[in-house]
Amino acid sequence: MATLAVEGVSQGFDGLSVLDDVSLTVESGQVACLLGPSGCGKTTLFHVVAGLARPRSGRVLLDGHDITGRPGSLSYMLQKDLLLPHKTVIDNVALPLVLKGASRSEARERAEGLFELFGLSGVEGRWPAELSGGQRQRAALMRSYLFSHEFMLLDEPFSALDAFTKAELHTWFLSVMDACGASALVVTHDIDEAVKIGDVIFVMRGAPQKGDPARIVGCERVSCPHPKRAEFAVSPEFLEHKRHVLELLRS
Ligand SMILES: Nc1ncnc2c1ncn2[C@@H]1O[C@H](COP(=O)(O)OP(=O)(O)OP(=O)(O)O)[C@@H](O)[C@H]1O
């Protein structure tokens, strides 16, 4: 478990200013969502947080340690699962451990212990092409977790799934996060998803291409005890949080 702090991050490309003084904190064990319109700079912020790009100003701290511009401390799961087609599921998910220096058998052994928790028992030896969309996302999330137990950056992890699979994975995701105690920052375009899975929702606004760099315009704390039950999504409290988020997006 780890606490992430983004402090006063500004970023841009050549003459384009994309992020303006972005700050946010994700507490240990929290799932935080980053919600904002297309093109406002969410991926740009993720690249900075993952250490893949140095910001023009500001810094990124993980448990108080400055990780600005240093990749490898957090795991970063892209929207597309990027499972390697020529490797079995177990070798795909164990790959981060091998890259970190474990032997193949050691890595497989550690990964094997997690298949049940991630709802993937029985598919260890299959090829990615033999999995359903939901199973592929579970495997991709498990691989991210094996890269970093502490903090995961998830870029639209459920956006490619159909509505039924998505709803199923939301419930599954929350139970896995509770069981692992990991923290995550999740990019999403989907307000319902953000309220459903987020303990806190950071709302980002801006249109960098129109000379309006993005900033965090507010944050909504979702007061719902864990484990969040499926009924929460049809409760008056859910609608109230959704209304607040919509107000922030329009403000
Ligand atoms: N490498 C780059 N060089 C120049 N401009 C870039 C680069 N990467 C992103 N941009 C610009 O920065 C702005 C923010 O892009 P970004 O991909 O971060 O937005 P986003 O919120 O993640 O979008 P989406 O939700 O559609 O994925 C856009 O105007 C984009 O064109």
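At 251 residues, a compact globule would be expected to have a radius of gyration near 18 Å, and the protein comes out at 18 Å, so the two agree. This is a predicted model. The C-alpha trace spans about 50 × 45 × 30 Å along its principal axes. Seven helices and ten strands make up the secondary structure. Buried residues account for 38% of the 251. As for how the chain folds back on itself, 68% of the contacts between residues at least 6 apart in sequence join residues at least 24 apart.

The protein splits into domain 1 (4–74 + 150–250) and domain 2 (84–147), with 25 Å between their C-alpha centres. Where the two touch, domain 1 puts in 13 residues and domain 2 puts in nine. On the domain 1 side, helix α5 (residues 163–180) gives the most, with seven residues. That side of domain 1 breaks down into eleven nonpolar residues, one polar and one charged.

Then there is the core. The largest nonpolar core holds 65 residues, and Met152, Val186 and Ile201 have the most contacts inside it. Helix α4 (residues 133–147) supplies the largest share, seven residues. Both domains feed into this core, with at least three residues drawn from each of domain 1 and domain 2. Such grouping fits a general pattern: nonpolar side chains in soluble globular proteins tend to be buried together.

Ile201 is worth a look of its own. Leaving aside residues up to four places away in sequence, Ile201 touches Cys33 and Leu35, Ala194 and Val195, Cys219, Glu220 and Val222, and also Val245.

How values were computed: Residues numbered from 1 in each chain as written. Predicted model: local features only at pLDDT ≥ 70, side-chain atom pairs only at ≥ 80, totals over all residues. Core = buried A, V, L, I, M, F, W, Y, C linked by C-beta atoms within 7 Å. Buried ≥ 20, exposed ≤ 12 C-beta atoms within 10 Å, placed from the backbone. Helix = DSSP H or I, 4+ residues; strand = E, 2+ residues; numbered from the N terminus. Domains from an automatic or database assignment. Contact = placed C-beta atoms within 7 Å. Rg over C-alpha atoms; globule rule 2.2 N^0.38 Å. Nonpolar A, V, L, I, M, F, W, Y, C, P; charged D, E, K, R; others polar.
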